[in-house]
Amino acid sequence: MIYKKLWRALAAFAMIHAAGTARAAEITVACGSVGTDIEVCRKLMADWTAKTGNKVRIFLTPNSSTDQLALYRQQFGARSGEVDVLMVDVVWPGIIKEHLLDLTPYAKGVQAQHFPAIIANDTVGGKLLALPWFTDAGLLFYRQDLLDKYHEKVPATWAELSATAQRIQDAERRAGNRDLVGFVFQGKAYEGLTCNALEWIAANGGGTVVEPDGRISINNPKAAQALDMAARWPGTIAPKNVTSFAEEEARSVFQGGNAVFMRNWSYAWDLAQKDGSKIRGKVGMTALPKGEGGRNASTLGGWQLAVSKYSAHPAEAADLVLFLTSKEMQRKRALLAGSLPTWPALYSDPQMLKAAPWLARFSGVFEGATARPSTVTGAKYNAVSSAVWNATQATLSGRTKGADAVRGLEKELTKVRRGAAW
Amino acid sequence: MVKTLERPAQKTSATGLARQRRRSAVAFLAPMVVVLVLVAFAPLARSLWLSLTDARIDNLSGQFVGLSNYVGAYGLFFTGDGWIDPRWATAVGNTLRFAVVSVSIETVLALAVALMLDTEFRGRSLVTAAVLVPWAVPTVVSAKLWDWMLQQQFGVVNLALAQLGFERIAFTTEYPMWSVVLVDVWKTTPFMALLILAALKMLPRDCYEAARVDGVHPVKVFLRVTLPLIRPALAVAVIFRLLDALRVFDVIYVLTGSTESTISMSGFVRDQMIENGDVGLGSAASTVLFVVIAACTLVYMKAARVRAGEGT
């Protein structure tokens with residue numbers, strides 16, 4: 001008798017508990033850990049919690065995106081639903097496609113209002129695996145004051161950039177400015193160099209290393225020419241150790257007032273304008289130069305939000321993703337963190353431009369945005385990318401010529417592909 | 001440990017006491033064997049199994065693929081273009097070069113340091129403690145420390161060079177392998193020195209007395225008396241360092257990253273497993289690394305024994 005009673009009480013308790021969790025789910029979100037990421041994340045989450053009554057727990061990740069990816073892949077390997085919503089780098093959707101939820105039924109067509117290039121990047125095999133949260137692209141930063149001093153205009157092609165950088169560097173050094181260099185970029189052997197190399201090659205009409213249909217296109221004279229052009233920079237217009245520069249090394253030289261041009265991501269703009277910056281008010285920003293092929297190419301960066309396939313609350317998680325990637329929340333994030341929205345409409349929104357006038361400078365940059373070949377190469381993208389940065393660095397440091405580098409790279413990529421399809 | 005227990009047993013194998021002692025030896029060793037199987041052999045076996053599959057970091061239950069991670073177009077050896085995959089060859093070459101060069105330099109320097117510390121002088125204990133400091137610093141910390149000191153624009157080494165009127169040098173990009181060797185030598189020489197110093201302290205003083213009475217030149221004393229006597233300890237120190245150097249990872253990873261000019265075998269394994277997520281190929285590489293280390297140890301131990309045999 002007493003057992004029956006106890007059993008009934010237990011069952012009732014279990015039901016109440018189950019009903020409780022169904023009403024208010026707790027969603028675990030990994031939303032970055034660099035700079036102000038977590039602070040911004042908390043502010044945005046608070047709105048969603050107030051609106052839906054669901055709880056949010058923030059999952060802390062390593063800083064490096066490579067380490068984050070390795071961590072997620074280990075969790076996915078264990079079919080763990082530990083993280084419901086995760087921040088996904090622009091090159092990841094192809095790599096972790098098997099583990100992400102198709103958001104098409106939840107998005108209800110809203111994806112059509114984001115930048116099409118990013119949506120294409122996030123769609124793998126017809127499934128919308130992530131929604132863009134904020135975007136980025138390779139940009140050219142220049143010293144307006146130095147260009148004015150020597151009556152030079154902003155270079156439109158890479159050849160013009162080399163010539164202008166050389167002329168200003170030589171003149172300034174003669175005038176006693178010994179530490180000035182013409183151009184800094186990311187030459188270290190890591191993902192950033194792949195982004196830089198892709199920009200040189202694509203602008204020169206040399207393709208995108210691996211084409212969207214899976215063809216390995218790198219072994220062509222235009223790609224070789226682009227690498228040879230870059231190989232002339234270290235030791236002439238760029239410092240010799242540019243081959244050890246990541247984003248921050250390049251920025252420290254440029255922001256210290258010691259470079260005429262810099263290739264970097266949009267974050268450098270905000271920092272250059274801060275109090276205490278040596279170059280405040282002396283900097284311009286534009287799309288990267290065109291190549292011989294007559295087009296300009298900027299590597300697409302930025303982050304998306306996705307839902308893990310192993311999440312216990314897929315509907316709530318998808319709702320959170322749609323909420324955070326909405327126009328309103330992206331506007332809020334842009335104002336809080338200076339991030340670039342993925343809604344083209346926001347770039348011409350008068351209210352938005354009034355609050356953040358710097359946004360107008362970016363319109364147009366994303367039209368030339370080139371995606372890295374990550375969607376087509378899928379799980380093998382990292383191997384592809386490391387082959388690209390190794391071959392590029394070998395050319396930059398003078399160990400190989402462009403033509404040999406692209407031939408070797410083609411061979412290496414064929415090996416990575418293992419067979420006819422990626 | 002096994003030997004010391006067995007030796008008396010062999011002499012009196014007929015007695016019951018010996019049998020009892022052997023039984024208790026087995027009983028005492030059993031827990032150790034179990035622990036070894038759990039923490040050393042089981043992971044090794046799993047790694048060996050993974051190297052025969054196409055396991056990925058997000059799907060460890062891969063398909064059995066035979067030896068294709070080892071040999072063939074997508075393996076480490078006999079890729080069709082040559083007998084060894086070029087990137088793996090680079091990693092193997094770098095590792096061997098690093099091991100031989102750094103251990104040689106460390107041995108010579110450590111011997112000098114140990115001989116110096118073996119003499120009597122004021123403040124010797126202070127110097128001994130100071131010499132040990134690099135060894136006490138974790139490798140990641142010391143590598144990062146040197147990375148900053150060698151930095152071209154603001155590193156203290158380049159600052160000094162510039163003050164003296166020399167050109168600034170981008171050490172870690174222009175001389176990546178030498179930078180790595182430099183940091184490793186700085187860090188591990190004290191360890192070697194300490195091992196050698198311990199051997200020096202054990203030397204019988206009467207040999208030196210006799211040599212002094214006979215008026216033998218100090219260099220000859222060193223070559224004929226000191227060196228042969230500390231040879232076994234030196235061999236142990238070298239083998240310890242060699243094994244350590246062959247599996248080098250941290251100092252290279254922190255100082256130069258995964259670049260072709262310095263990547264080690266362990267670095268290659270990490271790149272394949274973590275960056276590329278290819279656990280199968282990574283496990284194959286780590287198994288080869290294990291075999292290489294085991295082979296080096298066996299060859300060295302054999303050689304050391306032969307030489308020790310000649311000496312007596």
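Helices are DSSP runs of at least four residues, numbered from the N terminus. On that basis, B:Leu50 belongs to helix 2 of chain B. The model examined here is predicted. B:Leu50 has a relative accessibility of 9%. Buried means under 20%, so B:Leu50 counts as buried. B:Gly62 follows 12 residues along the chain, and the C-alpha atoms of B:Leu50 and B:Gly62 are separated by 7.9 Å.

Helix 2 of chain B also contributes to the surface. A nonpolar patch of about 710 Å² is present there, made by B:Met32, B:Val33, B:Leu36, B:Val37, B:Phe41, B:Leu44, B:Phe290 and B:Val291. Two helices of chain B, helix 2 (16-50) and helix 13 (279-311), each supply at least two of the patch residues. Helix 2 of chain B gives the largest share, with six residues. B:Val291 is located in helix 13 of chain B. Its relative accessibility is 49%, so B:Val291 counts as partly exposed.

A domain annotation covers part of chain B. The unreviewed UniProt entry lists residues 92-300 of chain B as "domain: ABC transmembrane type-1". This span is 81% helix and 0% strand. Its end C-alpha atoms lie 18 Å apart.

Internal spaces were then considered. Five cavities of 30 Å³ or more were found in a search of the whole structure. The largest cavity has a volume of about 60 Å³. Its lining includes A:Asn390 from chain A. The lining residues from chain B are B:Arg87, B:Thr90, B:Ser258, B:Thr259, B:Glu260, B:Ile263 and B:Phe268.

Open pockets were treated separately. The second largest pocket has a volume of about 710 Å³. It is lined by 32 residues, and those closest to its centre are A:Lys380, A:Val416, A:Arg418, B:Arg56 and B:Asp278. Three elements give two or more residues to this lining: helix 16 (374-377) and helix 18 (402-417) of chain A, and helix 12 (265-275) of chain B.

Helix 12 of chain B is largely enclosed by the rest of the structure, because nine of its 11 residues are buried. The buried residues are B:Met265, B:Ser266, B:Gly267, B:Phe268, B:Val269, B:Arg270, B:Asp271, B:Gln272 and B:Glu275. One of them, B:Phe268, also lines the largest cavity. Just after this helix, B:Gly277 adopts a positive phi of about 70°.

Salt bridges number 29 over all chains. In chain A, A:Lys332 pairs with A:Asp47, with the closest N and O atoms 2.9 Å apart. A:Lys332 lies in helix 13 (residues 327-337) of chain A and A:Asp47 in helix 2 (residues 37-52) of chain A, so the bridge ties together parts 285 residues apart in sequence. A:Lys332 is partly exposed, at 30% relative accessibility. A:Asp47 is partly exposed as well, at 27%.

A further bridge in chain A joins A:Lys153 to A:Glu160, with the closest N and O atoms 3.9 Å apart. A:Lys153 counts as exposed at 59% relative accessibility. A:Glu160 has a relative accessible area of 30% and is partly exposed.

In chain B, B:Arg241 forms a salt bridge with B:Glu106, the closest N and O atoms being 2.9 Å apart. B:Arg241 lies in helix 10 (residues 218-246) of chain B and B:Glu106 in helix 3 (residues 86-118) of chain B, so this pair ties together parts 135 residues apart in sequence. Both B:Arg241 and B:Glu106 are buried. They belong to a network of salt bridges that also links B:Asp184, B:Asp244 and B:Arg247.

Technical notes
Residues numbered from 1 in each chain as written. Chains lettered and ligands numbered in written order. Predicted model: local features only at pLDDT ≥ 70, side-chain atom pairs only at ≥ 80, totals over all residues. Heavy atoms only, no water. UniProt positions renumbered as here; feature names shortened; annotations may be inferred. Patch = residues over 30% accessible without salt bridge, like charges linked within 9 Å, V, L, I, M, F, W, Y side chains within 5 Å. Areas by Shrake-Rupley, 256 points an atom, 1.4 Å probe, with all protein chains shown as cover. Salt bridge = Lys/Arg side-chain N within 4 Å of Asp/Glu carboxyl O. Buried < 20%, exposed > 50% of the residue type's maximum accessible area, 1.4 Å probe, protein only. 1 Å grid on protein atoms, 1.4 Å probe; cavity = no way out; pocket = protein on both sides within 12 Å on 5 of 7 lines; lining within 4 Å. Points joined across faces, edges and corners; volume = space filled by probe spheres on them.
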